[in-house]
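Me: I'd like to learn how to read a two-chain model piece by piece. Can you walk me through it?

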Amino acid sequence: MTSLVELRVEYEREHFGALLYDLSSRVVTNGLRGKPPSIYQPTGPEDVLHGFIETVLLGQNQLEYFFTVATDVQHFERLCYRQLRRYLASTRVQTDVDRLMKRSVKILRDDDRFESIDGPPDRFFMSSGSSLPFAPGRWRAAATLALNGVPRIFSEPKQRSPKIYTDDNLGILLSIVLRELEGSVSRSDLAKLFEEILTPWLTTVLEEDEAARLPSHKPTGEEDAIVSEALEAILPLLDEEAAFVFRHWYAKTKDDYVADRLGVSRTTVINRRNAVGSALQPHLEGLPVHLQEATLRSLFLATGGSP
Amino acid sequence: MIPEPLQTKIASAKARRAPSNRPLPAFETGELAVAKSPDGDVRRIILITKIENAGVCRVRLATNEIEMATDFDLRVEPADSGFPARLLVQPELFGPVFKSQLVELVGSVADELTNAVAEALRTDADSIPQDRTGLPLGGSVDLRRDFKEDEIDDLEALVRECRAWLMGAPSDRRILDPKAFLPPPATASQDEMFDAYLDLLDTLKSVDSGEVELPDLESLFDTEAFTQIRRWQELFNFNFWDWWSLHCTRADIARASSAGEEVPVDELRLAALDRGNPEPSVTVDFVSRRSFAGETVTHEFTAIRVLEAA
């Protein structure tokens, strides 16, 4: 097996020679083994190899990073594989964003919660909200709510068109984002949002088969009933402001932002959050942890997705 | 066989590439350096955010996995750091390391960004420019948590020993600062010179008895240090390298070498990085190049000459 010293000597002399090419080829072959062709099609494995070398190893100078931190050739290969995974994810993100955009535009045009202004550029907004372009200061919080609040679904490895969001949750995501932005968004805004959300997720998901991430426990009918019962009891307790505080607490938005939105101090935000927690506690205590989590998730979606 | 179109890209990338000889860190805040764990199993790029006394500094772990950024992490572009790849500095992953663990300087970050990183925990990350961060970490289902947990393992390997030492535990590994070997300035009196010489002998005795370790061979890549050490020889006809070779030869030549062969500095550095290779035992001499500028003589360590191969 080639040693790290030999690779390094070749790197110093040729920058990228036969040894590094062979190693990259091995990493790509092993990296694609067992992966569904959908993650790299329409290109073939050889295109993946050459794209990876050109874009990542040479273009982004990742070789320099590998040679800086690798302790042996096995470590070098592991670093290389992680970057391959990242490269595959970036390729897939574009495909998945395109799919999500098609579904989103359909929802935004068909669902009564939303209205659109036909373009170009097309713009979309909440029926109950403003059609003016959104304030850029809201963007980060809206993306945080979407990223950390709306659950994504893992796909079976052989599935060619992973959904990422159920139709219901995609509608809720759009509602949460537009409600937070209090203005209209363009197609390119939405594409940017999905790209921002999907990049870290897909990069990690592709480390292993998505199937391995599929939940091992599906909620039983009895558990669904418990969650629904808790939700029905909690929802009337939260007025609009309390629901706003809850959503931002759940998604881990910064207190400063919430304080700014409500026009109160950070301490007041903390006090109001504690008050929401106190209101929820009697309905959550006694439930197993996974049902507590399911109840909070449902509460987030229910308060964010309403018209 | 590398296809022709790719060869053109390689040639272009090679032309853009910066020289690879890296100096030792100057041990200053804002430096991006390679830190290695005491056992040598982990090498990572870190940002020095604070210099402590006693050869200890506080560092933040950096990574090339920029997609894993949270709202606490700072993206550092090559134009900002001088390191060719984009990096992500992680303010939440911090700890102390010994100066002797820092083996290469790979770049540096401006004071305002270094301060932003150092202040991130106190300011709830408000000090980090938002356009250089990611989105906040979510709950237990956020897959970036898996990445952060792996990062903590590497960080622990880097900081464990120094942290224990700061809390009063004896360190298993004491490494001399290369400056301990430097002669006094040329303007020093004869008595000062002699005292320094006796101190050096005491230091070398403690090395010989195993109480402390010599610094890594990589220290010798610092031309100024090498020049200063050569001055001992000129002052007292004292062959410092006899001592050094006893302790460093086995560790730093990974490939088989025959007697009389000169192994260039670049290859020594490579060998020192490749911890997976066996370590043949060889005895060596140090080859240096002298240059003159006015009255100043500069020695540059260029190679090791193999005297006796295993």
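**Reading the contact, the sheet and a helix**

Reply: Sure, let's begin where the chains meet: 43 residues of chain A and 47 residues of chain B make up the contact. Keep in mind that this is a predicted model.

Me: Which element gives the most to the side of chain A that touches chain B?

Reply: That's H8(A), with seven residues. Other elements that give two or more residues there include helix H1 (4–14), helix H2 (18–32) and helix H5 (73–110) of chain A. By residue type, the chain A side splits into 17 nonpolar, 14 polar and twelve charged. You'll also meet another way to describe an interface: its size is often given as the accessible area lost when the parts come together.

Me: On to sheets. What is the strand order in the open sheet of chain B?

Reply: The general idea is that strands of a sheet pair through backbone hydrogen bonds, either parallel or antiparallel. Here six strands run in the order S4-S5-S3-S2-S1-S6 (chain B), and the pairing is antiparallel. Strand S4 (74–76) and strand S6 (102–108) of chain B are at the edges with a single partner strand each, so each has one side without a neighbour in the sheet. From one strand to the next, the twist averages 50°.

Me: How many bridges join S1 and S2 of chain B?

Reply: Five, in the antiparallel sense, between strand S1 (residues 31–36) and strand S2 (residues 43–51) of chain B. To find the register, look at Leu32(B), which stands opposite Leu47(B) in S2(B).

Me: Which helices lie across those strands?

Reply: One comes from chain A: H4(A) lies across S1, S2 and S6 of chain B, at about 80° to S2(B). Helix H4 (residues 144–166) of chain B lies across S1, S2, S3 and S5 of chain B, running at about 25° to S5(B).

Me: Why does the end-to-end distance of H12 of chain A agree with its number of residues?

Reply: Count 1.5 Å a residue: the 19 residues of helix H12 (residues 266–284) of chain A should span 27 Å, and the end C-alpha atoms are 26 Å apart, which agrees. Its buried residues are Val269(A), Arg272(A), Val276(A) and Leu280(A). Among what covers them are helix H9 (221–234), helix H10 (240–251) and helix H11 (255–262) of chain A. Just past H12(A), Gly286(A) has a positive phi of about 95°.

Me: And which residues touch the most other members of the largest nonpolar core?

Reply: Ala146(A) and Val177(A), in a core of 125 residues. H5(A) gives the most to this core, with twelve residues. Leaving out residues up to four places away in sequence, Val177(A) touches Ala142(A), Leu145(A), Ala146(A) and Leu193(A). A second, separate core has six residues, among them Phe286(B) and Phe301(B).

How values were computed:
Residues are numbered from 1 along each chain as its sequence is written. Chains are lettered from A and ligands numbered from 1 in the order in which they are written. This is a predicted model: local features need pLDDT of at least 70, side-chain atom pairs count only at pLDDT 80 or more; totals for chains, interfaces and linings use all residues. Helices (H or I, at least four residues) and strands (E, at least two) are DSSP runs, numbered from the N terminus. The expected span of a helix is 1.5 Å times one less than its number of residues. A residue is buried if 20 or more other C-beta atoms lie within 10 Å of its own, exposed if 12 or fewer, and partly exposed in between; C-beta atoms are placed from the backbone. Two residues are in contact if their C-beta atoms, placed from the backbone, lie within 7 Å. Ala, Val, Leu, Ile, Met, Phe, Trp, Tyr, Cys and Pro count as nonpolar, Asp, Glu, Lys and Arg as charged, and the others, Gly among them, as polar. A nonpolar core is a set of buried Ala, Val, Leu, Ile, Met, Phe, Trp, Tyr and Cys residues joined through C-beta atoms within 7 Å. Two strands pair if DSSP finds at least two bridges between them. Axes are lines fitted to C-alpha atoms, for helices over the stretch in contact, and angles run from 0 to 180 degrees between N-to-C directions.
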